[in-house]
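Biologist: Could you walk me through this structure slowly, as I am still learning how to read one?

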2 protein chains.
Amino acid sequence: MMSSSEPDTRVRILKATWALLEQAPGAPTRMSDIAKEAGISRQAVYLHFPNRAELLIATTKHLDEVYGIDKQIEEARASGGARAALDGFVEVWGSYIPRIYPVAKALLAIRATDEAAALAWQDRMDAVRAICSEIVALLHASGDLSADLDRDIAVDLLWTLVSIRTWEQLTVESGWSEEQYQAHIRRLLHSSITAS
Amino acid sequence: MMSSSEPDTRVRILKATWALLEQAPGAPTRMSDIAKEAGISRQAVYLHFPNRAELLIATTKHLDEVYGIDKQIEEARASGGARAALDGFVEVWGSYIPRIYPVAKALLAIRATDEAAALAWQDRMDAVRAICSEIVALLHASGDLSADLDRDIAVDLLWTLVSIRTWEQLTVESGWSEEQYQAHIRRLLHSSITAS
DNA sequence: CGTTGACTTGACACGATGTCAAGTGGCAAT
DNA sequence: ATTGCCACTTGACATCGTGTCAAGTCAACG
């Protein structure tokens with residue numbers, strides 16, 4: 001039987017990484033810590049992931065799968081009109097950010113020194129930007145895009161306002177609740193990128 | 001003559017740090033690189049700064065002094081009415097960010113592992129927030145603050161929209177020019193936090 | 001002339017990543 | 001039952017950057 005060519009060790013490592021980062025979002029989280037949490041030796045981690053960066057990248061992908069974020073975003077985008085799509089996106093994405101934040105933060109940190117991590121992050125951000133672009137297109141098509149706003153500019157603006165960094169500043173640094181974040185970002189977007 | 005109790009070595013180190021970070025905003029920039037750039041031995045750097053974090057902190061303070069940022073912000077705030085103060089702040093601060101960005105980026109990076117760096121950064125951000133708070137107070141006093149915006153919320157929002165992270169996303173990541181950044185942030189603030 | 005102080009040289013400890021080599025133990029095919 | 005494979009373990013080691021320590025150089029200044 002080759003039902004599972006790889007046993008659940010790989011997944012155990014991913015879950016251990018996730019758990020540790022979630023427990024202490026600021027902490028260093030060494031490879032040895034992760035191994036201990038997964039109940040295996042440090043070297044065994046390297047049998048599954050070539051290095052720390054790839055492990056973190058795999059962890060984010062694992063999270064994407066666990067919460068079917070793609071599907072959720074797709075549903076939000078397809079629901080009702082352009083403005084509803086925008087609001088839906090803010091809600092879905094705004095609920096997702098807090099869940100991935102600890103892992104995203106770690107990935108952002110090694111991005112500075114690791115090329116692969118930088119590319120992986122870039123990929124994710126490009127995906128978010130693509131969604132923003134679709135929403136702006138919807139707004140434009142329905143005449144709901146602010147008149148004095150170039151479409152490319154609107155995409156950049158939307159992408160920045162819903163970015164993880166912005167979320168971080170408003171919640172972690174300013175103490176906003178998840179509800180406050182969503183409500184005020186929604187209002188901010190309404191007043192700045194949609195037509196009055 | 002004790003005209004200079006400390007010769008210019010300290011300043012040479014600060015300038016070397018600045019120069020290296022500016023040349024290659026993404027690069028690692030080791031202590032040995034800085035020493036070489038300053039034309040001294042690696043150990044000599046430690047005669048002036050206890051560690052990497054303190055060196056980076058001192059470098060940012062040095063930058064603040066070189067460009068008298070405090071004075072510029074003060075001038076902008078005192079010029080004309082509340083809306084003029086807001087615009088002036090965006091201009092002064094928006095011109096300053098690109099200059100300090102390379103050093104700020106390095107400081108942000110070690111913030112994760114270094115307590116002192118985290119505190120130093122916190123201090124700087126608190127100072128920016130204080131300015132945002134004053135501007136919101138001015139807007140409120142002159143009736144220029146958007147009616148459906150709590151004052152605290154407005155401060156957080158303003159602070160986030162003019163943050164270095166937001167600047168980073170719009171210029172470095174989205175390719176905006178300095179002029180585009182200033183113009184669109186100004187417009188964004190007008191449409192979202194001031195009364196129509 | 002001698003002392004002081006900034007700087008140099010060279011060595012070292014430490015912590016974390018990543019690599020290498022030699023096991024160990026279970027499970028499966030023949 | 002024996003053989004061989006495979007995931008994993010154990011332990012050692014190279015590397016790299018930070019920070020420390022100790023001894024020495026050299027010029028200025030009394």
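Modeller: We will go from one chain to its core, then to a pair of helices, the two chains together and the DNA.

Modeller: This is a predicted model, in which local features need pLDDT of at least 70 and side-chain atom pairs count only at pLDDT 80 or more, while totals for chains, interfaces and linings use all residues. Residues are numbered from 1 along each chain as its sequence is written, and chains are lettered from A and ligands numbered from 1 in the order in which they are written.

Biologist: What secondary structure does chain A have?

Modeller: Chain A has 10 helices and zero strands, where helices (H or I, at least four residues) and strands (E, at least two) are DSSP runs numbered from the N terminus. The C-alpha trace of chain A spans about 60 × 45 × 30 Å along its principal axes.

Biologist: And how many of the 196 residues in chain A are buried, as a percentage?

Modeller: Buried residues account for 35% of them; a residue is buried if 20 or more other C-beta atoms, placed from the backbone, lie within 10 Å of its own, exposed if 12 or fewer, and partly exposed in between.

Biologist: Which residues have the most contacts inside the largest nonpolar core?

Modeller: They are Phe89(A), Ile135(A), Ala154(A) and Leu158(A), in a core of 55 residues, a core being a set of buried Ala, Val, Leu, Ile, Met, Phe, Trp, Tyr and Cys residues joined through C-beta atoms within 7 Å. Helix H6 (residues 82-111) of chain A gives the most to this core, with 12 residues.

Biologist: What does Leu158(A) touch, leaving aside its neighbours within four places in sequence?

Modeller: Leu158(A) is in contact with Cys132(A), Ile135(A), Val136(A), Leu189(A) and Ile193(A), and contact here asks that the C-beta atoms of two residues, placed from the backbone, lie within 7 Å. Another core, of 54 residues, lies apart from the largest one and includes Ile13(B) and Leu14(B).

Biologist: Switching to chain B, at what angle do H1 and H2 pack?

Modeller: Helix H1 (residues 9-23) and helix H2 (residues 31-38) of chain B pack at about 115 degrees, with their axes 8 Å apart; axes are lines fitted to C-alpha atoms, for helices over the stretch in contact, and angles run from 0 to 180 degrees between N-to-C directions. Among the residues that meet there are Ile13(B) and Ala16(B) from H1(B), and Ile34(B) and Ala38(B) from H2(B).

Biologist: How many residues of chain B are in contact with chain A?

Modeller: On chain B there are 20 residues in contact with 20 residues of chain A, and helices H8 (151-161), H9 (164-173) and H10 (178-193) of chain B each supply at least two residues of that side.

Biologist: Now the DNA: which residues are closest to strand C?

Modeller: The closest of the 16 residues around DNA strand C are Asn51(A), Arg52(A), Thr9(B), Ser41(B) and Ala44(B), where a residue is near a strand if its C-beta atom, placed from the backbone, lies within 6 Å of it. The largest share of that surface, three residues, comes from H3(B).

Biologist: And which are closest to strand D?

Modeller: DNA strand D is surrounded by 15 residues, the closest being Thr9(A), Ser41(A), Ala44(A), Arg30(B) and Asn51(B). Here H3(A) gives the largest share of the surface, three residues, and H2 and H3 of chain B also give two or more residues each.
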